[in-house]
Amino acid sequence: MLRYVAFLVALIAVAAADKLEVEPCTGADAQTGTLTEVYSHNFTTGEDIELLKGGVYVFGIKFTARENAPLLEPTIYGIIGGIKVGWNGVNKEACQDLLDTNKCPVVSGRTYHYYTSIEILNSYPSTRLTFQWGITAKTASGTKGKNHICFTMPARI
């Protein structure tokens with residue numbers, strides 16, 4: 001019952017969310033799936049998203065898989081001065097954060113809704129950065145595959 005209530009709360013939050021403008025990743029980080037939209041009720045579209053220290057920010061990502069995958073893992077980076085810095089603090093089992101009744105394994109051609117939050121710690125430096133977020137295929141043994149989706153957006157802390 002609690003899981004059902006959490007699902008309904010998430011759906012209501014998604015319905016009230018604003019769509020964010022993002023850029024697809026390129027090169028080795030390019031996506032195999034189709035990114036439909038990225039949304040958050042914390043931001044409105046602008047030049048940069050502002051991430052306040054101590055804040056918790058909720059994101060939703062709608063995508064269509066173009067390859068099968070047994071599991072998914074988020075890969076999040078802050079890119080500062082061209083250097084990728086890993087961003088921990090989200091659930092490493094992205095399948096648990098899919099709002100759909102069809103969770104993992106991911107099936108090519110199906111559309112999925114990923115919903116999670118990130119916390120901006122007070123220890124993070126105040127800076128401009130590029131925020132890169134991917135959802136990566138992962139095997140049961142933990143081997144990472146290709147990005148199902150990957151996008152970047154300018155941000156500042």
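1. The accessible surface of the protein amounts to about 8200 Å², and carbon and sulfur atoms account for 54% of that area. The model under discussion is a predicted one. Of its 157 residues, 40% count as buried.

2. On secondary structure, the protein comprises one helix and 10 strands. In sequence order the pattern is α-β-β-β-β-β-β-β-β-β-β. Considering contacts between residues at least 6 apart in sequence, 67% join residues at least 24 apart.

3. The aromatic residues merit attention. A search of the whole structure returns eight aromatic pairs. In one of them, Trp87 and Tyr124 meet edge-to-face, with 5.4 Å between centres and 70 degrees between planes. This pair links distant parts of the chain, 37 residues apart: Trp87 belongs to the loop between strand E7 (83-86) and strand E8 (111-119), and Tyr124 to the loop between E8 and strand E9 (128-138). Trp87 is buried, because its relative accessibility is 8% and the cut-off for burial is under 20%. Both Trp87 and Tyr124 belong to one aromatic cluster, together with Phe59, Tyr114, Phe131, Trp133 and Phe151. Elsewhere, Lys84 lies over the face of Tyr77, 4.8 Å from the ring centre.

4. Seven salt bridges are found in the whole structure. Among them is that of Glu50 with Arg156, whose closest N and O atoms are 3.9 Å apart. Since Glu50 is in strand E4 (residues 49-50) and Arg156 in strand E10 (residues 144-156), the bridge ties together parts 106 residues apart in sequence. Glu50 is partly exposed at 39% relative accessibility, and Arg156 is partly exposed at 34%.

5. A further salt bridge joins Glu67 and Lys146 at 3.7 Å, N to O. The partners are 79 residues apart, Glu67 in the loop between strand E5 (56-64) and strand E6 (71-80) and Lys146 in strand E10. Glu67 is partly exposed, at 31% relative accessibility.

6. Glu93 and Lys138 form a salt bridge of 3.2 Å, N to O. Glu93 is in the loop between E7 and E8 and Lys138 in strand E9, 45 residues apart. Glu93 is partly exposed at 28% relative accessible area, whereas Lys138 is buried at 10%. Through shared partners, salt bridges unite Glu73, Lys92, Glu93, Lys138 and Lys144 in one network.

7. What is the nearest side chain of opposite charge to the buried Asp97? It is Lys103, 7.2 Å away, and Asp97 has no salt bridge. Asp97 is located in the loop between E7 and E8. Beyond neighbours within four places in sequence, Asp97 contacts Asn91, His113, Tyr114, Tyr115 and Thr116.

Conventions
Residues numbered from 1 in each chain as written. Predicted model: local features only at pLDDT ≥ 70, side-chain atom pairs only at ≥ 80, totals over all residues. Heavy atoms only, no water. Phe/Tyr/Trp six-rings, centres within 6.5 Å; stacked < 30°, edge-to-face > 60°. Helix = DSSP H or I, 4+ residues; strand = E, 2+ residues; numbered from the N terminus. Buried < 20%, exposed > 50% of the residue type's maximum accessible area, 1.4 Å probe, protein only. Lys NZ or Arg CZ within 6 Å of the ring centre and 35° of its normal. Lys, Arg positive; Asp, Glu negative; His and termini not counted. Salt bridge = Lys/Arg side-chain N within 4 Å of Asp/Glu carboxyl O. Contact = heavy atoms within 4.5 Å. Areas by Shrake-Rupley, 256 points an atom, 1.4 Å probe, with all protein chains shown as cover.
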